[in-house]
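Please open the structure in your viewer and keep the selection tool at hand. The tour below suggests what to select at each stop and tells you what is there.

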Amino acid sequence: MKRNTTLLRTIALALFLFLYAPIVAVVVFSFNAARFGTGWKGFTLEWYASLPGNNVALAAAWNTFLLALCSTAVATVLGTLLGYALRRYEFPGRRLVGRLLHVPVFVPDIIMAVSLLLFFGLVRQWCGLFELGLGTMIVAHVTFQIPFVAIVVRSRLAGLDPWLEEAAHDLGANAWQTFLKVTLPLMLPGVMAGAMLAFTLSLDDFVVSFFTSGPGSQTLPILIYGSARRGITPDINALSTLIIGLSALATVGVTLLQRRREG
Amino acid sequence: MFGWWSDAFAWLMARARSIQVLRGEALSGRQRVLRILGAAGPAGFWLLIFFLVPLLLILGVSFLSRGELGTVETPLTFEPYRRLAGFGLLGFDPLYPIILARSVVLGAGTALLCVICALPMAFFIAGLRPTWKTAALTLVIIPLWTNLLIRTYAWQLLLAPEGFLSRAAAALGLIEAGAGLYPGAAAVYACMVCDYLPFMVLPLYASVEKLDWSFAEAAMDLGANGWNVFRHALLPQIKPGLFAGCLLVFLPATGQFVIPDLLGGAKTSMIGNAIQQQFLASGDWPFGSAIAVVSLGVVMLGLWVFTRQSREEMELL
Amino acid sequence: MPDVAEVTQSDTPSVEAPAGVSTPAVEVTGVSRAFSGVRALDNVSLTIGRGEFFSLLGPSGCGKTTLLRIIAGLDLPDSGSVRLGGRDVTHTPAHRRPVNTVFQSYALFPHMTVRDNVAFGLRMKKLLAPEIDRRVVEGMEKTSIIELAARRPTQLSGGQRQRVALARALVNEPEVLLLDEPLAALDLKLRRQLQVELHALQRRLGITFILVTHDQEEALALSDRIAVLHGGHIEQLANGRALYERPRTRFVAQFLGTCNLLPGTVREVRGETIVAATDLGELAAPLEKGRRKFSAGEQCTLGVRPEKIILREAQGELRPGEHEASILDVVYNGPDTDLSLQLQSGSLKLQVCCLNANLRASNRQSGQRLIVTRMTEENLIVLDD
């Protein structure tokens, strides 16, 4: 195995710095006492202090979290069942459905967003359902989460010994008991991975939320976008830094958990 | 109506004999069908209603005429597509063809720049010791899970006119004094590459990690210089990773609208911006749908080309 | 006449269980199963008695595992029926049949300890905890795994896992225990040891065992009766001795051990004997009751086992029925030696197996001359195609 040359090391380090430049900028500016502009005017924590009193931000945070929780719950159940069916049952069209599952993953989110906007609009004209709001956002999120969950669950199931379910039947477990006592416990890591993926996708989503949101259902990304268009206020930097911190913690936590399970 | 349902069920029964449960209980045909419908049914149904039908609606609406704000009317027409191709009401207007071309160029350019940046990073990480490797990979993944909006608006801060980078660029004569790198095409490219870099690094790293260096050693033994060693011994092996990375970067990048919107200014409008404008601002849903359909067509084409290419690559390997 | 007093044979594949048993443990009638147009089982019928150690023997793809799974309830036959202890269970799902299986890959639940694995079936039956504990401990002691109770399957060796799989199945006190090539993944020494243990266990417990294997030595050593399967149907069903001494078809003759094939033409049929003209001259071979009829002039194949061919030194005159041969190849096996011989007259090659205590076979070299003595009637076999 080649040893890393100093040249390679320098280039790679520079690229890592490039990768983190935006994150570092946001963190640094969150402590900047300047009210506007980007000149440095001293260190302060006032922007962080202002956050708890910022009702708009708190409402947005609550919406974001609630949306992610609800949509993840629904998508995990539906996606797990779909992933399980694709791995376990042979049926006509199985391979086609499997390949079709990748389509929603690659469709640009703006196209999915406007298509849902159109769909909700037309249904609303027809029978008054689907007023834009948290409900439509949950529906939209579940729609793009299901394929991800199904794909993750299906690929994790590949590593599962298919004889185990047969052994359970042989030993006297009916279908339901087999699922509860054998299949589900063994599938759980995959289901958890799918659920986490879905949760993160929902938290980070902007485009789909933007097009399917209504008054009063603003999420954090929408809030940040609005602020970025009008001109960034420093409290947004503080908010963003907190989000960055949580994301970093979550990523590190998940990595450590994975290593502990594999080790 | 009821007859149709019973016919459908009878057809399912007949097909049920060909349905196998891969492992598990011995089930009768009827039980199998019920099981499969129960498991795959809910998700399939959901995706049918909330993914497929809306897309079909978009396709349909793109052939309709524009009604009053936010509605559509029935006279079927190709007008939106003609406008997209440049033949608007007032003669040839290259606005939309240019936007389409610009989006494709942006996507391809981003992918290319990402490849150039990701290669050294991937090789660097692959050459680290195991504990450092995990740490480095985690460092690459963290930006991935950090909100795209945050990483995007940050470039407004970094490239503001009074910022260090803009002043340096002005001093070098790359831009006018007093102007900023933001808003502008440079800002858009910088942000795109930075935002999509992890999507290129990770698949590329997966390929590099599995590299068989004996090919490189054989090439060096036979007298090849550095570039030829890379080109003949290493590049063929990392092709799958390169392809996956390009796919993960190019396809979303062409449909990107947030980044050009926040960093680009007026002259860098892309497909995404056009769609957003037509749906939210102008209320011209048929036209917006037509743009969406064409953009989706580009994506599907790219996906199809990739899957065919990668299958050949896999067979060669 | 050959000493086949212990042989139990019948002309139809649906063989009756050994006399003296009331309700057979397993009755398979007319079972067929096809996968994507390929017939895995073709109208198979057999009967297995209580307390029997029965083997399904055959090469891979012969349908033995499919038959086992149908008996277990893990697969539905396309046609036919399965009865366990007199009750029709063809449409009873696997979890309700009084049958347990030891899988080839053991299929131990990786997320449970050994004890929980063994207790699984009892828990499914919803027995009371003290009863479960008692039976689990008893089961683990019988299979010598009691000290492994708290371990996980991933921490066990192949032989230990096999014992856990066995305990997990036996603890449910099934009427029939099915074993799907349970020793295939183990090395030779361990396999031999476990075969002995398995045999002793079955004798002690008195449970009906059905073993699926492709290892003919294993089947011969362990079983009361063996069904040899080929291409989805039963070629022959008998005890090991009958299968080896009196194989009925070419396939069975060559699957169990080696057999020299002597093609010939029928000269005459005298009651229960056939006389055929072969490269080794006119030979008489016994034809049991119930075999198909042969007529004079028909082509037939006789067989003779390598160890039944007697050789002597190439000295003196050739007596009637004897033939000269030269050695092509010598393979030393320890207790015996395999000699490949080429007959001087004609192109027939013979495989002969000699104990090294006789004839100093181990000292032979290729090219040397030996004499094949006259084949006696009891050493010859009539083979169907």
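The stops go from the confidence of the model to its interface, then to its core and to two smaller sites.

**Confidence first**

Before selecting anything, bear in mind that this is a predicted model, which scores ipTM 0.83 and pTM 0.75. Colour chain C by pLDDT, whose mean in this chain is 87, with 94% of the residues reaching 70 or more. Then select residues 1-16 of chain C, where pLDDT stays under 50 and for which the model has 25 contacts beyond four places in sequence. Where pLDDT is low, the predicted coordinates should not be read in detail.

Chain B comes next, with a mean pLDDT of 79 and 80% of its residues at 70 or more. Among the elements of this chain, select strand β1 (residues 20-21) of chain B, which has the lowest mean pLDDT, 50, and then helix α8 (residues 185-209) of chain B, which has the highest, 89.

**Chain B as a whole**

With chain B still selected, show it as a cartoon and look for its 13 helices and five strands. Of the 317 residues in this chain, 49% are buried. If you consider the contacts in chain B with a separation of 6 or more, 64% of them are between residues 24 or more positions apart.

**Where chain A meets chain B**

Now show chain A beside chain B, and you will find 88 residues of chain A in contact with 90 residues of chain B. The size of an interface is often given as the accessible area lost when the parts come together. Here the two chains, A and B, bury about 8100 Å² between them, and 79% of this is on carbon and sulfur atoms. On the side of chain A, select Leu19(A), Phe106(A) and Leu118(A), which lose the most area to chain B and together account for 9% of what that side buries.

How many salt bridges does the rule find across the interface of chain A and chain B? The rule finds one, and you can see a salt bridge by selecting Asp261(B) and Arg229(A), whose closest N and O atoms are 3.6 Å apart. Helix α1 (residues 6-29) of chain A is worth selecting as well, since it gives the largest share, 16 residues, of the side of chain A that touches chain B.

**Into the core**

Next, select Leu46(C), Leu56(C) and Ile210(C), which touch the most other members of the largest nonpolar core, a set of 199 residues. The largest share of this core, 16 residues, comes from helix α4 (residues 95-126) of chain B. A second, separate core has 33 residues, among them Leu122(C), Leu183(C), Leu194(C) and Ile207(C). In soluble globular proteins, nonpolar side chains tend to be buried together.

**An enclosed helix**

Return to chain B and select helix α6 (residues 148-158), which is largely enclosed by the rest of the structure because 10 of its 11 residues are buried. The buried residues of α6(B) include Arg151(B), Tyr153(B) and Trp155(B). At the start of this helix, a side-chain oxygen of Asn147(B) reaches to within 3.1 Å of the backbone nitrogen of Leu149(B).

**A buried arginine**

For the last stop, select Arg69(C) in helix α1 (residues 64-72) of chain C. Is Arg69(C) buried or exposed? With a relative accessible area of 14%, Arg69(C) is buried, because buried means under 20%. Add Glu166(A) to the selection, and you will see that its side chain is in polar contact with the side chain of Arg69(C), at 2.7 Å.

Note on methods. Residues are numbered from 1 along each chain as its sequence is written. Chains are lettered from A and ligands numbered from 1 in the order in which they are written. Side-chain values use heavy atoms; hydrogens and water are left out. A nonpolar core is a set of buried Ala, Val, Leu, Ile, Met, Phe, Trp, Tyr and Cys residues joined through side-chain atoms within 4.5 Å. Buried means under 20% relative accessible area, exposed over 50%, partly exposed in between (1.4 Å probe, protein chains only). Helices (H or I, at least four residues) and strands (E, at least two) are DSSP runs, numbered from the N terminus. pLDDT is the predictor's confidence in each residue, from 0 to 100. Contact means heavy atoms within 4.5 Å. Buried area is the accessible area (1.4 Å probe) that two parts lose on being put together, summed over both. A salt bridge is a side-chain nitrogen of Lys or Arg within 4 Å of a carboxyl oxygen of Asp or Glu. A polar contact is a pair of N or O atoms within 3.5 Å; within protein, one must be able to donate a hydrogen and the other to accept it, and residues adjacent in sequence count only if both atoms are side-chain atoms.
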